[in-house]
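User: Please take a close look at a single part of this structure, and set it in the context of the whole. I am a first-year student, so kindly explain each term when it arises.

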Amino acid sequence: MKKFWKDLQWYKGYITYATKANLKAEVAGSYLNWLWWILDPLLFMLVYSFVALIVFGKGEPYFPIFVFIGLNSWKFFSRSVSKSVKMIRSRKSTISKVYIPKYILILVTMMENLFKMAVAFILVLIMMPVYRVPFSWCIIQVVPIFITMSVFTFGCCCLILHAGVYIADLSNVVDVLLRLIFYMSGIFYNISKRVPEPYGAYMLQINPMAFMIHGLRESLLYVHVINYRILLCILAVGIVLSVVGVRIIMKHENSYAKVI
């Protein structure tokens with residue numbers, strides 16, 4: 001892992017430059033520019049709120065913000081994982097000519113998605129006084145949750161990047177799995193209330209994204225202390241996945257160009 005930390009120091013300038021360049025390229029030629037990063041989850045929030053509140057007549061306190069938090073958190077994870085599957089194959093011409101540690105490419109993608117999530121969560125803070133959500137010290141709990149989410153996401157991306165090199169159609173499988181996890185993560189419903197016990201508690205314990213999304217809502221909206229024991233377990237799992245994933249990439253990355 002010493003090489004990993006050295007690479008972070010060596011390529012930190014590249015990570016910053018590539019992240020900015022990709023974000024600018026994404027909004028180039030768009031009339032809405034970076035506002036789309038807010039409007040995208042905001043429009044989905046309105047759709048889910050309409051379906052839940054009007055069609056089914058069910059919801060949660062501060063439901064629009066409830067859904068917005070879930071969507072933004074999920075998009076950070078799902079976009080990072082989805083791009084990791086084809087990350088090597090989509091950069092075939094570049095990888096064969098220029099050496100860049102492959103986990104650096106993952107970090108660039110994660111930084112892009114993290115920036116988008118941060119922009120959207122600024123809107124959450126703006127919406128809270130509008131919906132008369134009480135501010136409390138619990139809001140600081142979002143910091144360890146975001147750190148844990150980032151570590152866990154990085155670990156998943158490393159393993160999926162490696163597998164995507166050898167399995168051409170892995171992206172189809174990942175899309176299906178992400179869709180399944182999406183519906184099991186309580187994006188537009190409260191797992192602890194809507195899923196009968198003990199299954200609701202089990203879903204929060206075995207689904208890291210469900211627990212972290214639930215934790216963000218508890219911290220920002222409902223002034224509750226999260227279960228730090230479970231959060232630490234998720235962080236530990238994320239660290240293990242990251243270490244294993246980085247080592248696998250280091251061991252096999254020289255052969256990626258030949259395989260693809």
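Analyst: A residue is called buried under 20% relative accessible area, exposed over 50%, and partly exposed in between (1.4 Å probe, protein chains only). By that criterion, buried residues make up 48% of the 260 residues in the chain. The model is predicted, so local features require pLDDT of at least 70 and side-chain atom pairs pLDDT 80 or more, whereas totals for chains, interfaces and linings use all residues. Residues are numbered from 1 along each chain as its sequence is written, and side-chain values use heavy atoms, without hydrogens or water.

The chain holds 12 helices and 0 strands (DSSP runs numbered from the N terminus: helices H or I, at least four residues; strands E, at least two). Its C-alpha trace spans about 55 × 45 × 35 Å along the principal axes. Of the contacts in the chain with a separation of 6 or more, 80% are made by residues 24 or more positions apart; contact means heavy atoms within 4.5 Å.

The part chosen here is helix α10, which covers residues 208-220, together with two helices that it meets. One of these partners is helix α3, residues 63-85. The axes of α3 and α10 come within 10 Å and cross at roughly 140° (axes are lines fitted to C-alpha atoms, for helices over the stretch in contact; angles run from 0 to 180 degrees between N-to-C directions). That angle makes α3 oblique to α10 (under 35 degrees is roughly parallel, over 145 roughly antiparallel, 65 to 115 roughly perpendicular, the rest oblique). On the α3 side, the residues in this contact include Phe66, Ile69, Trp74 and Phe77; on the α10 side, they include Ile213, Leu216 and Arg217. By class, the contact of α3 with α10 has 9 nonpolar, 2 polar and 1 charged residues (nonpolar: Ala, Val, Leu, Ile, Met, Phe, Trp, Tyr, Cys and Pro; charged: Asp, Glu, Lys and Arg; polar: the others, Gly among them).

A further partner is helix α6, residues 142-166, whose axis lies 10 Å from that of α10 at an angle of about 160°. Helix α6 is therefore roughly antiparallel to α10. Val142, Ile145, Phe146, Thr148, Met149 and Phe152 of α6 meet residues of α10 that include Pro208, Met212, Gly215 and Ser219. This contact of α6 with α10 divides into 10 nonpolar, 3 polar and no charged residues. Met209, Leu216 and Leu220 of α10 appear in the contact with α3 and also in the contact with α6.

The loops beside these helices also deserve attention. Most residues other than glycine have a negative phi, and most peptide bonds are trans. Valine 223, in the loop between α10 and α11 (228-252), has a positive phi near 55°. With a relative accessible area of 35%, valine 223 is partly exposed. Tyrosine 62, in the loop between α2 (36-55) and α3, likewise has a positive phi, near 60°. At 24% relative accessibility, tyrosine 62 also counts as partly exposed. In the loop between α8 (191-194) and α9 (199-206) lies proline 198, which is joined to glutamate 197 by a cis peptide bond with omega of about 5°.

Helix α3 has another contact to note. Lys83 is one of the residues touched by glutamate 112, as are Thr19, Asn22 and Leu23, its neighbours within four places in sequence being left aside. Glutamate 112 is found in helix α5 (residues 102-130) and is buried, with a relative accessible area of 5%.
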